[in-house]
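Colleague: I'd like to learn how to read a strand and its surroundings in a model like this. Could you walk me through it?

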Amino acid sequence: IAAQATLAFYAGLSMQFVCQSTLRDVRNACYEKIITLPMTFFGQRRVGELTSRIAADVNQIETTIDTTLPQMARQFIFLVGGITMIAVTSLKLTGIILVTVPVLMSVAIFFGRKMRACARATQDQLASGHTIVEETLQAITSVKAFTNELWEKARYADSNQKTHAFALHAARWRAISSAFFVIALLGTLTMVLWFGVSLMQHGQMTPGALTRFVLYTVFVTGAMGQAAEAFNQIQKTLGSTQRLRELLREESEPSDSTSAPARLHGDVSFDGVCFTYPTRKVEVLHSLELNVRAGECIALVGPSGAGKSTLTALLMRLYEPSYGNIQFDGMDAGSLPLKWLRRQIGIVPQECILFGGTIRQNIAYGRSDATPQEIQLAAQQANADEFIQAFPNGYDTLVGDRGVQLSGGQRQRIAIARAILKNPVILILDEATNSLDSHSEQQIQVALDRLMQGRTTFIIAHRLATIRHVDRIVVLAQGSIVEMGTHDALFANTEGIYRQLCRLQFQASPQDD
């Protein structure tokens, strides 16, 4: 009893070590793969689907490693031992059992393929349900503002019902498989009894030998039945592992394996750049030609969908051009290490999403080795230090999920402080003052003017009053550059798009302007 208890303790501990170590490695591998995948991948996937792979699929694997594999190991030992004992007892009766093995294996393979497909469909539908939950919770303010709780409830219930239907379809196949193996195994046992009694009547087998053979056969058939159930569970798990393998086989962004200069100078050129998003069939940028000198400030304006954000996304190599190329300091962007290049570029997005840590951590996200003094200096330059110091915990204040504890203007100023701390060569401002009141906007504009000094700057602007003094204004329409020049030169063109945008925005006549 003591030996059994000791072995059981170490066996359980060893299996858990193997199980949890495997799951840790699988989770790490999946997450590492996901965050290194290109933006084209995320354009074709939803967040809930990806989180489902790390959560639900990995949990399915955990059940198999923790429970099913040890069960199969035990049943395999019983099966081998039982077959050995029945072979010693009677080779003739053993032949009857062994004849059924190829049949059982063929049927098991057939049912296994069916159940694997059903399990895959169930996991895919389950991921769709997770996606709905993820999207709803991320946009809970909008859900409540539009009183769409009932609609979201119905949407999730419909997805859940489909998951239920897929799961029942898989269960039917498992039930059919179990029923078949019950019939096959009990039928085999019946044949053994019938043939064994016949041998005993002809004096070729003693009653004791038949009894022993039947007992061993019960062990064998029981082990085969348990193994069949474990096999069904493994087939279900293979549906999950297939999804994970597909994820791990995706091609990641290129790693920084080539050397690069210490720092860019800041020259940027777009040479015949065309681009089409993988999920669309419409070309977003058409043969775009643009040369920007180091330290020059460029404003990108135009109607929605003109390609302004796409141009800056290509600048950061979030996507690769369909045709043409982008050059930095005369070097092709594709020849430069990707992570190194992105470290040369800073961005202040229009919609600033913070991470659920402290203000200090969010500012330091652009440069993790920054000192507390450097973080505070960046906040001061972004006009954020005053409101941060007003919090009881100062820079250690938690911002909440996606920064919900802060106002839009406060989040924007933290994003500006993050960009200031990064000290980039190339700066992208996507309506950086959009969420600020007039007083804060004026103060932040001064900080941005200081930040832009000596840096190549791209400003995506909808509020045209903020870009009158940039070096050049590039007007985009339907993916092409239609105008380029200073504010005064473009406004003087009475037939130009820029003039029309100014008139619509300022609601003034040409004479008034």
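Colleague: Which way do the residues of β3 point, and are they buried or exposed?

Modeller: Helices and strands here are DSSP runs numbered from the N terminus, with helices being H or I over at least four residues and strands E over at least two. Buried means under 20% relative accessible area, exposed is over 50%, and partly exposed sits in between, with a 1.4 Å probe and protein chains only. In β3, C297, A299 and V301 point one way, I298 and L300 point the other way, and all are buried. That is 5 of the 5 residues of the strand (residues 297-301), so β3 is largely enclosed by the rest of the structure.

Colleague: How far can I lean on that?

Modeller: This is a predicted model, so local features need pLDDT of at least 70, side-chain atom pairs count only at pLDDT 80 or more, and totals for chains, interfaces and linings use all residues. Residues are numbered from 1 along each chain as its sequence is written, and side-chain values use heavy atoms, leaving out hydrogens and water. On pLDDT, the predictor's confidence in each residue from 0 to 100, the protein has a mean of 81, and 93% of its residues reach 70 or more. Residues 508-513 stay under 50, and the model has 5 contacts for them beyond four places in sequence; a contact means heavy atoms within 4.5 Å.

Colleague: Which strands pair with β3?

Modeller: Strands of a sheet pair through backbone hydrogen bonds, either parallel or antiparallel. The rule used here is that two strands pair if DSSP finds at least two bridges between them. β3 runs parallel to β8 (residues 456-460), joined by 4 bridges, and C297 has T457 as its bridge partner there. β3 also pairs in the parallel sense with β9 (residues 472-477), over 4 bridges, where V474 is the partner of L300.

Colleague: And what does an antiparallel case look like?

Modeller: Look at the open sheet of 4 strands, ordered β2-β1-β4-β5 with antiparallel pairing. β2 and β5 (331-332) stand at the edges with a single partner strand each, so one side of each has no neighbour in the sheet. Between β1 (residues 268-276) and β2 there are 6 bridges in the antiparallel sense, and S269 of β1 has N291 in β2 as its bridge partner. Helix α8 (residues 308-315) lies across β1, β2 and β4 (323-328), at about 115° to β1. Such angles run from 0 to 180 degrees between N-to-C directions, with axes fitted as lines to C-alpha atoms, for helices over the stretch in contact.

Colleague: How many salt bridges does the structure hold?

Modeller: Side chains of opposite charge can pair when their charged atoms come close. The cut-off is a side-chain nitrogen of Lys or Arg within 4 Å of a carboxyl oxygen of Asp or Glu, and the structure holds 10 of them. One of them joins R472 and E296, with the closest N and O atoms 2.7 Å apart. R472 lies in β9 and E296 in the loop between β2 (283-292) and β3, so the pair ties together parts 176 residues apart in sequence. Both R472 and E296 are buried.

Colleague: Got a contrasting pair?

Modeller: Try D369 and R367, whose side chains meet in a salt bridge at 3.2 Å, N to O. D369 is exposed at 58% relative accessible area, while R367 is partly exposed at 25%. As for R472 and E296, shared partners join them with R293 into one salt-bridge network.
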